[in-house]
Each structure stands twice: as structure tokens, then as C-alpha cells.
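Okay, thanks for coming, everyone. I'll put the sequence and the fold up on the screen, and then we'll walk through the sheets and the helix packing.

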Amino acid sequence: MTLLNKWHAKNIRTGILLIGFMMLIAAGCKRADKTSQYTIGFSQCIGSDLWRRTMLDEMRMELSLHPDARFIYADADGNSSKQVEQVKKMLDDGVDLLIISPNEAQPLTGIVEQTYNKGIPVIVIDRKTSSALYTAYVGADNYQIGKMAGEYAGALLKGRGNVVEVMGLPGSSPAIERDRGFSDGLRKYTDINITDRIYGDWLKDSAKKQLTRIAPVIKNADVIFAHNDVMALGTREVLDKFKIHGTKVLGVDALPGHGGGLQMVASKTINASMLYPAGGKEAIMTAFRILNKESFARENLLQSVVIDSANVQLMKMQWSKISSQQKDIERQRSLLTEQREVYNSQQLVLNVIVMSLVLAIVFGGLAFYWLMENRKINKSLEAKNNEILQQRNQLIEMSAKAEVATEAKLQFFTNISHEFRTPLTLILSPVEDMMSNEKLNLVAGKSLKLIHKNVYRLLRLINQLIEYRKIEYDKQQINVSPNNIVEFAREIITSFQENAQKRNISLSLVSDEQQIIVWYDVNLLDKVFFNIIANALKFTSDNGRIQVSFKNRDNNSVDIAIQDNGIGMEPQDTTHVFEQFYQAENSSSGGSGLGLALSKEIVSLHHGSIEVKSKKWEGTTFTINLLLGNGHFDQTAQEHVNAKQTDLEERAKIYVTDLATPVSVADEGQIFGTPREQSILIIEDNKDLLSYLSEKLGATYEIFTADNGTSGLNETFERVPDLIISDVVLPGMSGKTLTVKLKTDVRTSHIPIILLTAQGSVEQQIDGITCMADAYIVKPFNFDYLLATVKNLIKSRATLKEHFTSDVSKSTVPVSKALDKKFLNDFAGIVEQNLANENFSVDEICKLIGVSRIQLYRKVKALLGCSISDYILNRRLKKAKYLLMNEGYPISEITYMVGFSTPNYFSTVFKAKYGCTPSEYKRKQQHS
Ligand code: FRU
């Protein structure tokens, strides 16, 4: 992820967090509202009559002030068990508070207690249960209402008369309490008799039925008290039916409005009614006080009053006033609701606007920040771009300059190459003349051959350079003509046959068809074949195999494969082999690195392809593919169809002569025949140079040779020569690596090394010396100079030798080679310690120093100039001389102290070395 992306991601995260935060706040607000959303259940015993509808209206009116509260209403239709079931359902639905007006006290007591015990507040309204387990009661005092009615009847009858009581539902608390109050109210009027008590069940029809049943009783009744106005109306109707006049009817409830008690009193249908407020409003107010954990009264007793002809008009007026005020309030409330809705929607819009604004500010801020950051990044990118552009321009400029310089260099080389041709030809002709002169041949035949061969080699390299330049820069025009390519290749192969046979290499041509006509330039394509076959010969060892095969590919092109089983190439070399001036690392071909690049260019000019497959130590195959026909050449290429092939034999010489076996000037016997005192190992991959140096140095030294670094190293360990001359660029291991290895190995560290190289810069020479070479000689070198260097190094070894073998233990001769010094110290130490040991052997020293017997022998010989046994004998005699001179030991004891087995043998050896016996020596010393 880029820096910019990371930064954007971070800001987007911030934005999302912010929005999330705001949503959380909004959700939080909603949740706060939810807390006031109570559920209140109201279980009504019977909902059909006016009084209870009034109660419900009052409740709804009050609830409208709590718009969030939920209100569940259930009507039991005067059925107690139905009411129990309805309460249970409410509890299951989850009410926060229950308001109940129980139909009958006893049947409803259980469920009310259960509710209360569950922790759900219960408000009992109007009627009660038989238990005190409720949270609050709302309603008028029914006992007082009954009592009020009793007292009112007593006063009405002036203390004398008959009274009938029409009671409510048996078992409902108001019926019980009103009856009790009524009896108590009449108690003081002893002349008033309650002639009958019937149950009207709070209903008009029930009351009428029961009153009809007791018709004889009611005929004598002066006052009939019905527990509610509904039953009072039924009473009046029964009285009217039986045409009984003058009987006063009292009721309870005194409801305002149409069909209500107030109207009945005003119309004289009934004589009076005890006001019994429905209490719906008070019940809801108490409920919220309980739910909001505010203080509340457990018993909320509502006031009552007698309404009769004396106060009914006032009550009606008050009621209508209240009613109109109520209507106003309702109107205002509905207006308020509307306003609230408007407010709510405006609030919502405002909230949305505020939120959008905040978001706009936040995102605007972020956008501005992004913009600024982007600008910054863009600016730095622009600066970088400019920098890159500048660098690119510089590079273009530099490469243009380099191109010009390269072109100039190449032009120079081409010109020089042209210049070389003439002197080379001038060398070639006289050399060939001299070679044909028998007398001269006898004296310097081999030297002449060497010159001849190398002149051709130079010619080949120069020709390749010129050819390459022509193709590359002069856009050489090719002249193609149809020719039998099989025959063409056969002729080229023939020119290499002699060389191949000499080395027992099978060089063959394989083709199904003897004639394959291909359009090509006869003066160009031959170079490709010459070059690849010459290479194959160079890299194939004696007794190897080279095969040139032709294969028709789909009648469209021909594949020419030149396959050898030579040393092969490393993978990294195969990929670069066609690049100009590329030379495989440690290549010993001595080539220019142009041959294959030139071949590729020539094949490309023919619209063909060339590729190589090679495996190290298994062989190499070059495959050339040329198209059949002439459709791929333009007209100009085909114009000179008659172009003659220049003398193939003459051209072949350039490639073939170079392959000739190394020319040796002296014969083998002369070089290696006579044993020499000092030996030199020459490590050189150019066979001619190796042969030349072997021959020249062979006159003075014993010569060992190696043509690559690895065998040079092995040869050194085996032969331990007195000096090494090595090329720097070698196959296998470079001369420098070889030098470091030899100089850091105790077995070979003493051997002087001369590095020979074509790399002539001062840095390279310093590099050669720092890798511990003793001398660094640049090619071409003067042989006498090389010989002088060789002699000098061998002589300085002799000086070192003298230093170690001299009797003087301290010398001023500097010993630069720490390893050699250590070796000699170790060697001398071991010998000194074992002088008395007559069985002391060379093997023991080898074991202690860790070198082989021959290595020890060579090293001691090289550093000390004598054999190991001569050295040990010398040390023994020297010690004996010292002991004879300085210590008083008898000769027999000294004999054993210096490791001789018998005094006689000691005496003989001592005399041979110093010209006198030990006893004569001792005597002489004492006399002198
Ligand atoms: C209505 C009613 C009233 C009476 C009350 C007693 O159902 O009969 O008239 O006062 O119930 O609970």
C-alpha cells in the first residue's frame, strides 16, 4: 500500500467513526424516549354502561398527556372467570402496571394477589377484592354513599315510612358496602322499616324483574333506594307500570349527560342520586406516580354529594361548563398534538440538517486536508519526475557521447585492421617463400611454421573485425543466389578434414537429400560454417566426433546442425555466446569474441536463425535455420545472382592454419632428455606459447607443463617445482587464485611465481603482486627479460637457503615469507629435539609438520639446498663439535648425545666432515 493510500484509508476510517458516533448518539436519544414507554393494563368488569364508558373516557383523556405509554384494555362483560383469564393474558403480554375493577370480590382476589406478589403494581378501582394486597385504591367510599342515601331517605320520610333496597351484584364490594352504609344511615330512624332487599345485579332489567316479583311490597314502599341510577330508572318504570305514585326513588352515580343521573333528577324521573365519580382520571394519575416512583396515596377516596332537585340545576350548569371547558381543552390538546407533530417533523428536519452540516464540515475538512496532502505529494512527485527527467537526459547525452566514442574507436580499429592486413601479407609471402626453401627449413622450419600459423590467426581476427563492422555499420548488401547448401558445406568440411584426421576426430556430414537448394550469399555464409566448425574442432578433444547434419523442416526451411561432443559450455556462456566481444570465462580459445556474433549477423541477413544448445563436458550443438525459396529477400539482394564465390581454399586457410597442432621448435629429447638441477612449472592455455616457453626454458631447467589452473595446482603439489610461470587468464582457475592458494599452503609457499598476462595496466600489475606473485610480466614480453627474472628469483631462493643452512643462527637476510620461516623453524626445532635419537626418521618429521615425504624433501631442498639426512647429519656434527669444545663429556657419551650408534661410526663421519677425529679435535681445541 502506498503512503497516499494508507493516509486515505486512515481518514476514511476517521469519517466512518464519526458517523458511527453520531448514529450512536441518535440511537441513544431514542432509547431514552423508550424508557417512558410504560404499558398499563386496564381490566374492566363490564364496559357497556354509561358510567364505565365515562370512566374509560376519563382514563383516555388523561393518557393523552402520556403519548408514549401503551394502554391495554379488556372488558369482562360482567363475567368474573373471563376477567381472571383476561388479567392472566395481560400479565403474559407484560404490563408494567394493572388497573382493575373486579366484577366480584372473591373470584378476582387470587389473580390480583398474584399480580401484586409478582411485583407488578395493582390499582383497584371502584370495586375491591377480598384482600388488602393491592398497591392503591381509587373510588368513592361506598359505605359513605350508602350511609348518605340512608340519612337522605330518613330526612325525606321525616322518620317514618317503608323503604325497599335494590342492591347491586351479590359479592361485589360496592353492593355490600352501600348496603351496610344504607342500614347505618337509617339506624337512628326507628320508625323507618326496610321492608325488602332485592339484588338487581347493577342492571335495569334485573332490577325490574325482581321489583315486579315483590310488587305488593313496593306498593307500600315510601322510598326505594337503588344502588345505581340505572336500577333507579328501572324502579321508576316498574312503579309507573303498577301506577304507584308518590314513591320516592333514590339512585347512585349522578352521571352528567344524556341518560345520566343528573338528567333523571332534573326531569324528576328519580328524586335524588348520590354522586359517584368514575375516577378514571385519578386512576391514571396514580398509575404514573407509581411507575415514575413518585409519592402516591394508597387510598384515593373521591368526594361524593347528594344531587336532588335543590342542586341539580347548579350541577348541570357546572357540568356543562366543565364539559365545554373540557371540549376546549380537547381542541387545544388536538391543536397541541398537531403542533407537536409539526415540531417533531421540523425537529427531524433540523436534526438531519445539523447532522448533514456537521458531516459536511468534517468531510470538507478532510477533503481540504487531502487536497493539501495531495498537493504536497504531487509536488514531490513532480520534483522527482524532473530529477528523473534530468538524469534521463544526462544518460541520453552520455550514451550518445559513448556511442560516438565507441563508433570512433571501432572506426579506428577497423582502419588499423585494414592497415594490418598489408604488413601481414608482406610477412606471409616471405615466410611462405622461406618455408619452401629446404635449407632454411632445416635450420628454422619450425619457427617459420609458428610465424606462418600466427600470421593467419591475426588475419582471421582482423577479417572478422572488418566483416563485422561492414555488416553492422555499412549495412552490407548481401547478394543471394540459389546454391546446393549440402555441397557447399561438404567443401568447407573437406578443408578441415586433414586437421581432424590428425587428431583422430570424426568429422562427417549427414543429409537425407544430397541436394538442398537454398538462396544465400556464398561469400558470407561460408564464414558461418568455417567459424562454427573451427570452434567445434578447437573444443573437441582428440578421438572426438563432429557431425554436420541437414534436416528439412516442413518443406519450408532447412535446419543445419553442427554437433560436437567436446567440452561444452556453462549455461551462462550459452546465453551470451552470440554477443559481440563476449568471451567465456576462462576460455582458452584465444578468440576475439567476434566470430559467433558475426555468424549471427550473417544468418540474420539471410532472415534465418541460429541457436545453441550445450552441456558442460558433453558437447555443443549449433543449429542454423534457413528459409527455402527466395520470397524473403527483396529484389536488390537478388540482383547480383551471378556473384562468384571467392577462392574457398584460400579462405579456409585462415581458419584451418590456426587449428594446426602446436609447433615445437626443439625436439622432445632436447627439452626433457637431460635432467636439470632446477625445475619450472609452466601453466599456459595457449598451446603455442606453452610449447615456445617449454622449449626455450627447457635448455636450462627441467620443465613441467599444465594447460589450465586446476591441473597447474595439482602439478605443483606433485612436482614441487623450483619456480612457476603462469598465465593469469586460465580455464579452471585463474592464475591469481592459483597464486593465492599456493602461497598460503606450507607445502608450496616457498615456490616463486611469475604471472604472465596480457592485462598490462598498472592496477592489474599491482593486483598481481598483492596476490603474492613474485613477479608480473606483461605480454608481449621479451624472453631474455623473462629468463633474467627466472634466474633472479631462483638465485634469491638460494640466498634464503644459505641463510637457513649457515652456522650463524641470526642473519641480516630478511625472510619475507612468514610461512617459510615458520616451516624452517618447525623443521629445525624437531631436528634439534631429536638429535640424540638414533632411530629418528624423516617419516616422523612429515607426520609432525603435516606434509608428504616428497613435499618435505622438495621443500627442504628448495629452502636449504641439501637433503634432509644431510641436514640432520650436519646438525649432529655441529652439536658434537660444540660439546667437544665447551663441555667435559667423554667422547663415548657425546656419541650417544648426538644420535650415533657407535663411537667408531661417529669418529669416521666426524673425520670425513672436519678432517680429524673427535679426540684429535678436542685435543687441538684444548691446546689452542
Ligand atoms: C356501573 C355500576 C355503577 C355503580 C358501580 C358499582 O356498572 O353499576 O352504576 O355505581 O357500578 O360498582
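So, strand β22, residues 723-727, and strand β23, residues 753-757, pair in the parallel sense over four bridges. If you want a spot to click on, Ser726 stands opposite Leu755 in β23. And keep in mind that what you're looking at is a predicted model.

Those two strands belong to an open sheet of five strands, in the order β21-β20-β22-β23-β24, with parallel pairing. At the edges stand β21 (702-706) and β24 (775-778); each has a single partner strand, so one side of each is left without a neighbour in the sheet. On average, and ignoring direction, neighbouring strands here are turned by 20° against each other.

What packs on this sheet? Helix α21, residues 709-719, does, and it touches β20 (679-683), β21 and β22. Its direction makes about 145° with that of β21. Then there's helix α22, residues 735-743, which also packs on the sheet, touching β20, β22, β23 and β24. The direction of α22 makes about 175° with that of β23.

Okay, over to another open sheet. This one has six strands in the order β2-β1-β3-β4-β5-β11, and the pairing is parallel. Why do β2 (70-75) and β11 (299-302) each have a side without a neighbour? They stand at the edges of the sheet with a single partner strand each, so one side stays free of a neighbour in the sheet. The twist averages 15° from one strand to the next. Zooming in, strand β3 (residues 97-101) and strand β4 (residues 122-125) run parallel and are joined by three bridges. Ile100 has Val124 in β4 as its bridge partner.

Now for some strands with both kinds of pairing. Strand β14, residues 506-511, runs parallel to strand β16, residues 545-553, and six bridges join them. Look for Val510 there: its bridge partner in β16 is Ser549. On the other hand, β16 pairs with strand β17, residues 557-564, in the antiparallel sense, over eight bridges. In that pairing, Phe550 has Ile560 in β17 as its bridge partner. The hairpin of β16 and β17 has three residues between the strands, and Asp554 takes a positive phi near 55°.

Right, helices. α14 (residues 485-502) and α15 (residues 522-539) pack at an angle of about 40°, with their axes 10 Å apart, and the crossing is right-handed. On the α14 side the contact includes Phe488, Ile492 and Phe496, and on the α15 side it includes Leu525, Phe529 and Ile533. By class, that contact divides into 14 nonpolar residues, two polar and one charged.

Compare that with α2 (residues 50-63) and α11 (residues 280-291), whose axes come within 7 Å and cross at roughly 40°. That angle makes α2 oblique to α11, and the crossing is right-handed. Among the residues that meet are Met55, Glu58 and Met59 in α2, and Lys281, Ile284 and Phe288 in α11. The classes here come out as seven nonpolar, one polar and four charged.

Last stop. UniProt, in an unreviewed entry, places a "coiled-coil region" at residues 374-401. In the model, the chain over residues 374-401 is 100% helix and 0% strand, with the end C-alpha atoms 39 Å apart. Okay, that's my tour, happy to rotate anything you'd like to see again.

Methods:
Residues are numbered from 1 along each chain as its sequence is written. This is a predicted model: local features need pLDDT of at least 70, side-chain atom pairs count only at pLDDT 80 or more; totals for chains, interfaces and linings use all residues. Side-chain values use heavy atoms; hydrogens and water are left out. Axes are lines fitted to C-alpha atoms, for helices over the stretch in contact, and angles run from 0 to 180 degrees between N-to-C directions. Angles under 35 degrees count as roughly parallel, over 145 as roughly antiparallel, 65 to 115 as roughly perpendicular and the rest as oblique. A crossing is left-handed if the near helix is turned anticlockwise from the far one by less than a right angle, and right-handed if clockwise. Contact means heavy atoms within 4.5 Å. Ala, Val, Leu, Ile, Met, Phe, Trp, Tyr, Cys and Pro count as nonpolar, Asp, Glu, Lys and Arg as charged, and the others, Gly among them, as polar. Two strands pair if DSSP finds at least two bridges between them. UniProt positions are given in the numbering used here, feature names are shortened, and annotations may be inferred rather than shown by experiment.
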